[in-house]
Amino acid sequence: MKAPLEEFHHHLQTRHSKSTADAYRGDVARFLLWASTNHLRWDGTGVIDKYITAIANRKPEVGGNPRRSAARSFAALRKFVKHQGRGSLFDGLEPPRFEEPLPEPLSEEDVGKLLSVKDPQTAAVLAVLYGSGCRVGEAELLQWEDIDWE
C-alpha cells in the first residue's frame, strides 16, 4: 500500500498538470513535516489554520511571496484532507485573503520624465497608458473606433 502522500500525488497526476501535482505534493509534504516537527497531529483541531497563518506571516524569501504560498498551501491541503476522507477539518476555515496595497501614483516630475522620451510613438503610447489608466494589454487591443473624439 502506498503512503498517503504518494497516493495523493498519484491521484493529483491523473487530474492536474505535473507541475501542479508536484507543487501540491511539496506543499503537503512541508505541512506534514511542520506538524511532525511541532509534535502535532496533522489532522488535529486547528493545526491547518495554525500552519497557514505561520506561512502567511513568515519573512519573504528571495523571489517568494508568503501570501501566495499560504493560499496555494490552503488549496493543496484542502485537496489532501478531502482525499484522506477528513474534509470536515476544513469546516469553518476560509482561504486566506490578503489586500494588496495600491500602487503609489507617479509624481508630476516623474510623469514629465516618462513622457519626455525622444521617440514620438513611444511617447504617445505612454501618454495613452498614463492618461487612461489602462493596462498594456488593454492598450494593445484598442481600435480607432474605440476612441470617443467628442
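**Contacts and exposure, one call at a time**

Me: What makes D27 and R30 a polar contact?
Reply: Their side chains are joined at 2.9 Å. The limit for a pair of N or O atoms is 3.5 Å, so this pair qualifies on distance. Keep in mind that this is a predicted model.

Me: And why is the D27 and R30 pair also called a salt bridge?
Reply: The two side chains meet N to O at 2.9 Å. A salt bridge needs a Lys or Arg nitrogen within 4 Å of an Asp or Glu carboxyl oxygen, so an Arg and an Asp at that distance fit the bill. The structure holds 7 salt bridges.

Me: Where do D27 and R30 sit relative to each other?
Reply: Both are in helix α2, 3 residues apart, which is about one turn of the helix. That helix covers residues 18-37.

Me: How do you know whether D27 is buried or exposed?
Reply: Its relative accessible area is 2%. Buried means under 20%, so D27 is buried.

Me: What about R30, which class does that residue get?
Reply: R30 comes out at 44%. That falls between the 20% and 50% cut-offs, so R30 is called partly exposed.

Me: Which residues are linked with D27 in a network of salt bridges?
Reply: R30 and R72 are linked with D27 in that network.

Me: What makes D43 and R41 a salt bridge?
Reply: Their side chains meet at 2.9 Å, N to O. The limit is 4 Å, so the pair counts. As for exposure, D43 has 11% relative accessible area, which is under 20%, so D43 is buried. R41 is at 60%, which is over 50%, so R41 is exposed.

Me: And why is R86 with D43 called a salt bridge?
Reply: Here the N to O distance is 2.5 Å, and the limit is 4 Å, so this one passes as well. The pair links distant parts of the chain: R86 is in the loop between α4 and α5, D43 is in the loop between α2 and α3 (47-56), and they are 43 residues apart. R86 has 30% relative accessible area, between 20% and 50%, so R86 is partly exposed.

Me: What makes the patch of R15, R78, K79 and K82 one of positive charge?
Reply: Lys and Arg count as positive, so four residues of those two kinds gathering on the surface get that label. One of them, K82, is in helix α4 (residues 66-83).

Me: How do you know which exposure class K82 is in?
Reply: K82 is at 56%, and exposed means over 50%, so K82 is exposed.

Me: Why is the patch with L106, L114, L115 and Y130 called nonpolar?
Reply: Leu and Tyr are among the side chains that count as nonpolar, so a patch made by these residues gets the name. The patch is about 330 Å². L114 itself belongs to helix α5 (residues 108-115).

Me: What makes L114 eligible for a patch by its relative accessibility?
Reply: L114 has 32%, and patch members need over 30%, so L114 clears that bar. Set against 20% and 50%, the same value makes L114 partly exposed.

Me: Finally, why is A3 given its exposure class?
Reply: A3 has 44% relative accessible area, between 20% and 50%, so A3 is partly exposed. A3 is in the segment before α1 (4-13).

Note on methods. Residues numbered from 1 in each chain as written. Predicted model: local features only at pLDDT ≥ 70, side-chain atom pairs only at ≥ 80, totals over all residues. Heavy atoms only, no water. Helix = DSSP H or I, 4+ residues; strand = E, 2+ residues; numbered from the N terminus. Buried < 20%, exposed > 50% of the residue type's maximum accessible area, 1.4 Å probe, protein only. Patch = residues over 30% accessible without salt bridge, like charges linked within 9 Å, V, L, I, M, F, W, Y side chains within 5 Å. Areas by Shrake-Rupley, 256 points an atom, 1.4 Å probe, with all protein chains shown as cover. Charge placed at Lys NZ, Arg CZ, Asp CG, Glu CD. Polar contact = N/O pair within 3.5 Å; in protein donor to acceptor, adjacent residues only side chain to side chain.
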